[in-house]
Amino acid sequence: MEIIEKVKKFCISCMEEHEVFIVKEHEHTTYKEQKVEYEAIYEYCKNTDEYISTEEMITANDIAVKNAYRILMGLLTSEEIYAIRRKYGISQTDLAALLSWGAKTITRYETHQIQDAAHDTILRKIDSDPEWFLSLLAGAKDRLAPAAYDKYRSTAVILFEDSQDKYLQKAIEARIARFSSNVNCCGGTKLNLPKVLEVIRFYANSPKVFNLYKVKMMKLLWYADALCFKRYQHSMTGLVYRAYPMGAVPVAYESILDLKGITFEEQEFDNSTAIHFLPSDNDIYSSLSDTDIEILNAVIDVCGNDTKNQIVRRMHSERAYSETARGDIIQYQYATDLSID
């Protein structure tokens, strides 16, 4: 018996007012021919040495038995089903309507009834796939109140964008993973995408950085990592860079620019589109240390006012670039000869 609370109340076991223990007991039973173990909650009267179950405890203990069975059978528990609803902010009735199930189906699944495997699979897919939820929502629009539909859609869109962002992060990490064991490729630092985003935002927010387009941003990232390696024998972000005609470019840079948290606008020039980085309202850099910020400011002091052509020429003069064949990985060992420090 584990005492989880003590409450002074009228005890229906001894018919006196005194301190009653709320206790947890580890129990086992057989449910649907399966032996299950669960935690049961009771009131305990020390005067009569008896356990008492309130109506709420009877209900809770019944759900505990069924959740133990669900876990044993690989099904979602009632709490997990509720968590899926809470994730989307959708009511029991509306989720049932979305799935064309009976109006009380979700209510029963969150209380006393165990879902079948088919319904369990559908609920799991909703949990893992906001895009599918959005498609179901579109099909159920006529069955939902307009305000509820708009609310659910807004929440699902955010979840969908987050899921895309997580996919992008994994894709970027996968492309860089094969270089992670080589100090000369990654600078001895594990890729830190939150820090990459903050470095980009720090540059974009700096009043000392002008003409901040994609080409210049790629070079500023490399200078920050190279200068950090020169001073402290490790890179700042763990990015890996290739030598392209206009200088250093991070591996998977296209995907990096699609991550949430980067603010830019696309500008049309003749037959090309340029990415112009913009300041944001967010000036909090929780991933950057004081040393990181010192390095970034050092880079800005030298390169912040460079035009695209100036920073490309600066990059071309670096030994790290001149010693690297086009398309190959730029080795961090050349950071010892970096010109800006």
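The following exercises, with worked solutions, concern aromatic rings in a predicted model.

**Exercise 1.** Classify the geometry of the aromatic pair F21 and Y44, and state where its two members lie in the chain.

*Solution.* The structure holds 10 aromatic pairs. For F21 and Y44, the ring centres are 6.4 Å apart, and pairing requires centres within 6.5 Å. The angle between the planes is 25°, and planes under 30 degrees apart count as stacked, so this pair is stacked. F21 belongs to strand β2 (residues 16-31) and Y44 to strand β3 (residues 34-45). With their positions 23 residues apart, the pair links distant parts of the chain. Both F21 and Y44 are buried.

**Exercise 2.** Determine the class of the aromatic pair Y42 and Y51, and decide whether Y42 and Y51 are buried, partly exposed or exposed.

*Solution.* The rings of Y42 and Y51 lie 5.5 Å centre to centre, with 55° between the planes. This angle is neither under 30 nor over 60 degrees, so the pair is tilted. Y42 has a relative accessible area of 15%; the limit for buried is under 20%, therefore Y42 is buried. Y51 has a relative accessible area of 41%, which lies between 20% and 50%, so Y51 is partly exposed. Finally, F21, Y42, Y44 and Y51 form one aromatic cluster.

**Exercise 3.** Identify which ring lies beneath the charged end of K125 and which lies beneath R326.

*Solution.* The charged end of K125 sits over the ring of W132, at 5.3 Å from the ring centre. R326 is placed over the face of Y321, 4.1 Å from the centre of that ring.

How values were computed: Residues numbered from 1 in each chain as written. Predicted model: local features only at pLDDT ≥ 70, side-chain atom pairs only at ≥ 80, totals over all residues. Heavy atoms only, no water. Phe/Tyr/Trp six-rings, centres within 6.5 Å; stacked < 30°, edge-to-face > 60°. Helix = DSSP H or I, 4+ residues; strand = E, 2+ residues; numbered from the N terminus. Buried < 20%, exposed > 50% of the residue type's maximum accessible area, 1.4 Å probe, protein only. Lys NZ or Arg CZ within 6 Å of the ring centre and 35° of its normal.
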